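Dear colleague,

Here is the structure I promised to pass on to you. Please open it alongside this message, since my notes on what was found in it follow directly below.

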Amino acid sequence: MGTEGPRTDRLGLLMEQFDQARERAEVRLRGLGDEEFLWEPVPGCWSLRRREAAVTPRAYGPGAWVLDLGAPDIPANEYAEIGRQVASGMTVEEIAADWSVSVARVEEVLAHTGEPEPDATPVTTIAWRLAHLHSSFAGQWEWTFGARREPRLLIDFTPSASLALDRFWSTLDRWRESVGAVTEEQLDTVGFSQYPYGSDPHDPYVSVVWGSNLELVHHMAEIALLRDLWRVRGELGR
């Protein structure tokens with residue numbers, strides 16, 4: 001073990017945060033089986049489904065299995081994100097394109113005051129959360145270090161928990177290797193990532209890396225909760 005102590009530079013802190021989040025995720029995901037992977041705790045969940053059985057209008061994926069995605073809208077719990085996108089320099093037109101909604105809908109959100117409406121975001125399965133994360137990390141790598149192919153056609157989704165995890169860890173390894181080698185100048189470069197879903201093209205790359213870490217942490221926390229609910233599902237009457 002080295003004696004230099006922990007890094008305190010910006011990239012070092014972000015990579016240490018990522019490494020610890022991944023380590024905890026791997027521990028929490030040990031023993032994940034296919035039935036639990038696709039378990040729907042309530043009716044109307046978003047999940048992975050065979051293409052012919054898709055129930056959401058924008059489900060996507062290049063193969064036989066697709067990831068649920070509903071009709072375009074901006075849910076109430078994302079209103080603050082719209083404000084951040086405006087602050088980052090995105091135009092109303094760009095935000096509308098990002099969310100696949102009308103300019104009028106974005107303007108409606110920006111004019112919203114008071115308490116947000118009840119959140120109608122659907123409950124999702126472990127499979128959905130993991131596939132969403134996988135798609136996001138693969139897309140951000142592709143649009144920063146790769147050939148900038150269509151992000152939603154990069155991942156061949158699978159109902160096999162073990163195969164999905166193997167592929168996911170491999171994608172994280174590639175992301176970690178590439179991001180861990182960026183320079184200080186690249187960290188400060190606005191638009192170093194051109195990932196088209198979100199504000200990456202308007203943000204310094206250090207903010208993009210921080211946001212990717214946050215995605216990993218919060219979605220893995222949700223997956224951990226779903227694992228806990230699966231373990232006690234009999235006591236819940238499910």
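The second largest pocket has a volume of about 200 Å³, where a pocket is an open set of points on a 1 Å grid over the protein atoms alone, with protein on both sides within 12 Å along at least five of seven lines, and a volume is the space filled by probe spheres set on points joined across faces, edges and corners. Its lining comprises 13 residues, of which Ala21, Arg24, Ala25, Val217 and Met220 are the closest to its centre, a lining residue being one that has an atom within 4 Å of a point. Helix 1 (10-28) and helix 9 (205-231) each supply at least two residues of that lining, helices being DSSP runs of H or I of at least four residues and strands E runs of at least two, numbered from the N terminus.

Please bear in mind that this is a predicted model, in which local features need pLDDT of at least 70 and side-chain atom pairs count only at pLDDT 80 or more, while totals for chains, interfaces and linings use all residues. Residues are numbered from 1 along each chain as its sequence is written, and side-chain values use heavy atoms, with hydrogens and water left out.

There is also one cavity of 30 Å³ or more, a cavity being a set of points where a 1.4 Å probe fits but cannot get out. The largest cavity has a volume of about 80 Å³, and its lining includes Phe37, Leu48, His134, Asp156 and Arg167. Helix 6 gives the most to this lining, with four residues, and both helix 6 and helix 7 supply at least two residues each.

Helix 6 (residues 126-145) and helix 7 (residues 161-179) also pack against each other at an angle of about 35°, with their axes 10 Å apart; the axes are lines fitted to C-alpha atoms over the stretch in contact, and angles run from 0 to 180 degrees between N-to-C directions. Among the residues making the contact (heavy atoms within 4.5 Å) are Leu130, Phe137 and Trp141 of helix 6 and Phe168, Leu172 and Trp175 of helix 7.

Finally, two single residues. Gln85, found in helix 3 (residues 79-87), counts as buried because its relative accessibility is 2%, whereas Pro43, in the loop between helix 2 (34-37) and strand 1 (48-50), counts as exposed because its value is 78%; buried means under 20% relative accessible area and exposed over 50%, with a 1.4 Å probe and protein chains only.

With best wishes
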